[in-house]
Amino acid sequence: MNSPLLEVENLSITFRTENGLVEAVKRVSFSLEHGGSLAIVGESGSGKSVTALSLARLLPVPPAEYAGGSIRFEGRDMADLSPREVRSIRGGGIAYVFQEPATSLNPVYTIRSQIAEGIRLHRPDVRDVDAEVAKWLGTVGIVDPEKRMRDYPHQLSGGMQQRAMIAMALSCRPKLLVADEPTTALDVTIQAQILAELRRLRAEFGMALILITHNFGIIRGLCERVAVMYRGEIVETGETQNILENPRHPYTQALIACVPRLGSKQKRLRTIDYNWEEIKK
């Protein structure tokens, strides 16, 4: 039996602040098979992004501190790797797509320069870098990629910027793509297009996917499993279809109830009471 691509066991992460130690992630555990998919769902501040950034040790230490547990990628404990070994995994092993492409892309470099940098670092065997950049831009649905790769980020729409970010991540041929709220800043039509691209590209290249989101409405058909986070802890996990149809934890039930539904006669959207005792009723 093959070992999982990613294993996270009892991961705890704290931050040192002026008001003392803050425990952002508490004893989180999950695993992901090669080619598998997992959605981590929860409200803002629940620890989703901190968990995602920790996978490739992207959190600055200090103020962050890996207070306990382990992260194993392809059987190797990330804590035991040298800085150079960790850098080789970033991009080439675990790639990221973030929610604000305008702030993730460097405004003073062309799209070509930014994608080419990762290709040269993680795939030094590629001889025609320009052709490779154009190929990946075309793969994610950008028309006339040979021309658009010469553009600067501000010359692209929000949807095209996000596609360029996905092309940048995929050009390194990662085994795991972490998409952190990849459609938050986009309108609903572009959101649907980006999610469809992620679904298609995952099927085409066989990579594993972790999708970070607060919205249960976008994970059906994209992720096989889901983990629900609340206040830094995973409170429920299981197959996506089962969770959507039969949520067992009160917080999961509340999150699903917040999703707007076409045809609903309910005049006000459901909100979550931050009093945990109220949520449990």
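**Note on two sheets, a helix pair and two residues**

1. The bridge partner of Tyr96 is Val178 in strand 7. This pair belongs to the parallel pairing of strand 6 with strand 7 (residues 176-180), which has 4 bridges. Strands pair here if DSSP finds at least two bridges between them; strands (E, at least two residues) and helices (H or I, at least four) are DSSP runs, numbered from the N terminus.

2. On the basis of the note: the model is predicted, local features need pLDDT of at least 70, side-chain atom pairs count only at pLDDT 80 or more, and totals for chains, interfaces and linings use all residues. Residues are numbered from 1 along each chain as its sequence is written, and side-chain values use heavy atoms, with hydrogens and water left out.

3. Strands 6 and 7 are part of an open sheet of 6 strands, with the order 6-7-8-3-9-10 and mixed pairing. Strand 6 (94-97) and strand 10 (233-239) are at its edges; each has a single partner strand, so one side of each lacks a neighbour in the sheet. Direction ignored, neighbouring strands of this sheet are turned by 15 degrees against each other on average.

4. Within this sheet, strand 7 and strand 8 run parallel and are joined by 5 bridges, with Leu177 opposite Leu209 of strand 8. Strand 3 also runs parallel to strand 8, again over 5 bridges; here Val41 has Thr213 of strand 8 as its bridge partner. Strand 3 is joined to strand 9 by 4 bridges in the parallel sense, and Val41 stands opposite Val228 in that strand.

5. How many residues of strand 8 are buried? The count is 6 of 6, where buried means under 20% relative accessible area, exposed over 50% and partly exposed in between (1.4 Å probe, protein chains only). Both faces of the strand are covered, with Ala208, Ile210 and Ile212 on one side and Leu209, Leu211 and Thr213 on the other. Strand 9 is mostly covered too, with 5 of its 6 residues buried.

6. Strand 9 and strand 10 supply antiparallel pairing, over 6 bridges. Arg225 has Glu239 in strand 10 as its bridge partner. The two strands form a hairpin with 2 residues between them, and Arg231 in the turn has a positive phi of about 50 degrees.

7. Two helices lie across strands of this sheet. Helix 7 (residues 158-170) lies across strand 6 and strand 7, at about 175 degrees to strand 6; angles run from 0 to 180 degrees between N-to-C directions, and axes are lines fitted to C-alpha atoms, for helices over the stretch in contact. Helix 10 (residues 250-257) lies across strand 3 (37-41), strand 9 and strand 10, at about 105 degrees to strand 9.

8. A further open sheet has 4 strands in the order 2-1-4-5, with antiparallel pairing. Its edges are strand 2 (20-32) and strand 5 (76-77), each with a single partner strand, so one side of each is left without a neighbour in the sheet. Strand 4 (residues 64-73) and strand 5 run antiparallel and are joined by 2 bridges; Phe73 stands opposite Arg76 in strand 5.

9. Is Thr14, in strand 1 (residues 6-17), buried or exposed? Thr14 counts as buried because its relative accessible area is 8%. Apart from neighbours within four places in sequence, Thr14 is in contact (heavy atoms within 4.5 Å) with Leu21, Val22, Glu23, Ala24, Pro63, Ala64, Glu65 and Ala67.

10. Helix 4 (residues 111-122) packs against helix 5 (residues 129-139) at an angle of about 110 degrees, with the axes 9 Å apart. The two helices are therefore roughly perpendicular, a class that covers 65 to 115 degrees; under 35 counts as roughly parallel, over 145 as roughly antiparallel and the rest as oblique. Ile111, Arg112, Ile115, Ala116, Ile119 and Arg120 of helix 4 meet Val129, Asp130, Glu132, Val133 and Leu137 of helix 5. By class, this contact has 7 nonpolar, no polar and 4 charged residues.

11. Arg220 is in the loop between strand 8 (208-213) and strand 9 (225-230). Arg220 counts as partly exposed because its relative accessibility is 47%. Not counting residues up to four places away in sequence, Arg220 touches Arg199, Thr240, Gln241 and Leu244. Its side chain makes a polar contact with that of Gln241 at 3.4 Å. The C-alpha atoms of Arg220 and Gly35 are separated by 17 Å, the two residues being 185 residues apart along the chain. A polar contact is a pair of N or O atoms within 3.5 Å; within protein, one must be able to donate a hydrogen and the other to accept it, and residues adjacent in sequence count only if both atoms are side-chain atoms.

Notes:
Ala, Val, Leu, Ile, Met, Phe, Trp, Tyr, Cys and Pro count as nonpolar, Asp, Glu, Lys and Arg as charged, and the others, Gly among them, as polar.
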